[in-house]
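This report describes a single protein model. It covers the overall surface, one strand with its partners, one helix with its neighbour, and a few backbone details.

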Amino acid sequence: MSARRSGRIAAVAGSVLLACALVGGVGYTVVTVQDADRDPGKPTWKFPAAAEEGDKAKEDSASKSGLSALMLPFGTDGYERGPDLEQFGPDAEFSGAQATALRKESIKDLPSSSRRQLEKLIDKERIKGMAMRSYVVGRADYNVTDAITFGVTLSRLESRTAVRQSATSVNGFLAATDVFRKGPKIVGFKDAECFLSPKGEDLAVALCTGYVGDVLVSVTADAPDPIDGAFVAKFFTAQLDRIDDPGQAV
């Protein structure tokens with residue numbers, strides 16, 4: 001592998017991780033939690049326990065925030081259960097406190113200055129709940145030779161202003177890099193955007209970010225190169241529509 005290509009792969013990986021850190025995306029959380037558990041002598045990280053019964057009741061209530069119900073149902077248009085998100089399985093939902101703790105744990109190995117800035121951003125967002133789900137779309141429904149996987153993260157923040165600012169920050173960051181290509185437009189959602197990794201790599205990545213109301217939506221997609229941007233946009237749009245019209249069949 002040439003030094004130039006190796007450097008480009010590292011740039012793509014770094015940009016993916018930072019973008020997902022900003023929005024709390026599935027990819028970043030899974031990679032960092034997985035890395036934290038690779039040392040057999042290192043204890044598995046767990047959510048902090050509630051200090052009092054009142055706090056626990058509050059957490060239990062918050063964890064049932066209904067975000068999972070806003071996810072695209074498995075089986076829709078060939079979207080089946082994807083790979084496990086580590087110990088959480090392919091489908092998980094967290095309270096605001098759990099989501100905050102998980103996101104802070106996932107950035108603990110970043111340089112201290114970057115970590116402190118992201119921790120301040122996470123606290124400022126005041127996450128009320130988060131849900132994650134992974135999907136895989138087989139060859140027959142994607143194309144004749146390959147499959148594609150999607151990771152979706154829905155985060156409910158305290159205000160619509162925080163949601164809009166987070167989405168704008170992530171999309172602005174990706175647009176400013178010279179690593180990602182601009183992806184297809186998302187019809188009907190002017191503030192939602194998708195970005196695609198450079199052509200010519202073995203594994204292609206798409207990152208999509210948008211929001212509906214107080215819900216921040218992050219979608220990552222992985223497929224052999226070249227990735228089908230139109231198919232990614234179709235999935236992302238369907239997920240946004242699902243939140244916009246939650247009365248669709250589950």
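The protein exposes about 12,400 Å², an area computed by the Shrake-Rupley method with a 1.4 Å probe, where for residues only the protein chains shown count as cover. Carbon and sulfur atoms supply 52% of that exposed area. The model is predicted: local features need pLDDT of at least 70, side-chain atom pairs count only at pLDDT 80 or more, and totals for chains, interfaces and linings use all residues. Residues are numbered from 1 along each chain as its sequence is written, and side-chain values use heavy atoms, with hydrogens and water left out.

Of the 250 residues, 45% are buried. Buried means under 20% relative accessible area, exposed means over 50%, and partly exposed lies in between (1.4 Å probe, protein chains only). The protein contains seven helices and eight strands; these are DSSP runs numbered from the N terminus, with H or I over at least four residues for helices and E over at least two for strands. Among contacts (heavy atoms within 4.5 Å) between residues at least 6 apart in sequence, 67% join residues at least 24 apart.

**Strand 4 and its partners**

Strand 4, residues 148-157, is mostly covered, with nine of its 10 residues buried. Strands count as paired if DSSP finds at least two bridges between them. The table gives the two pairings of strand 4.

| Partner of strand 4 | Sense | Bridges | Example of facing residues |
|---|---|---|---|
| Strand 3 (residues 127-137) | antiparallel | 10 bridges | Met 132 with Thr 153 |
| Strand 8 (residues 215-224) | antiparallel | eight bridges | Ala 221 with Phe 150 |

Thr 149 belongs to strand 4 and, with a relative accessibility of 24%, counts as partly exposed. Its C-alpha lies 6.3 Å from that of Val 137, and the two residues are 12 apart in sequence. Beyond neighbours within four places in sequence, Thr 149 is in contact with Pro 83, Tyr 135, Val 136, Thr 220, Ala 221 and Asp 222.

**Helix 4 and helix 5**

Helix 4 spans residues 96-106; eight of its 11 residues are buried, so the helix is largely enclosed by the rest of the structure. The buried residues of helix 4 are Gly 96, Ala 99, Thr 100, Ala 101, Leu 102, Arg 103, Glu 105 and Ser 106.

Helix 4 packs against helix 5 (residues 112-125) at an angle of about 170°, with the axes 10 Å apart. That makes the two helices roughly antiparallel. Axes are lines fitted to C-alpha atoms over the stretch in contact, and angles run from 0 to 180 degrees between N-to-C directions; under 35 degrees is roughly parallel, over 145 roughly antiparallel, 65 to 115 roughly perpendicular, and the rest oblique. Helix 4 contributes Thr 100, Arg 103 and Lys 104 to the contact, and helix 5 contributes Glu 119, Ile 122, Asp 123 and Glu 125. By class, these residues are one nonpolar, one polar and five charged. Here Ala, Val, Leu, Ile, Met, Phe, Trp, Tyr, Cys and Pro count as nonpolar, Asp, Glu, Lys and Arg as charged, and the others, Gly among them, as polar.

**Backbone details in loops**

Asp 77, in the loop between helix 3 (53-63) and strand 1 (79-81), is not a glycine but has a positive phi near 50°. Asp 77 is partly exposed, at 47% relative accessibility. Arg 126 is also not a glycine, and its phi is positive at about 50°. Arg 126 sits in the loop between helix 5 and strand 3 and is exposed, with a relative accessible area of 51%.

The peptide bond joining Asp 225 and Pro 226 is cis, with omega about 0°. Pro 226 lies in the loop between strand 8 and helix 7 (229-244).
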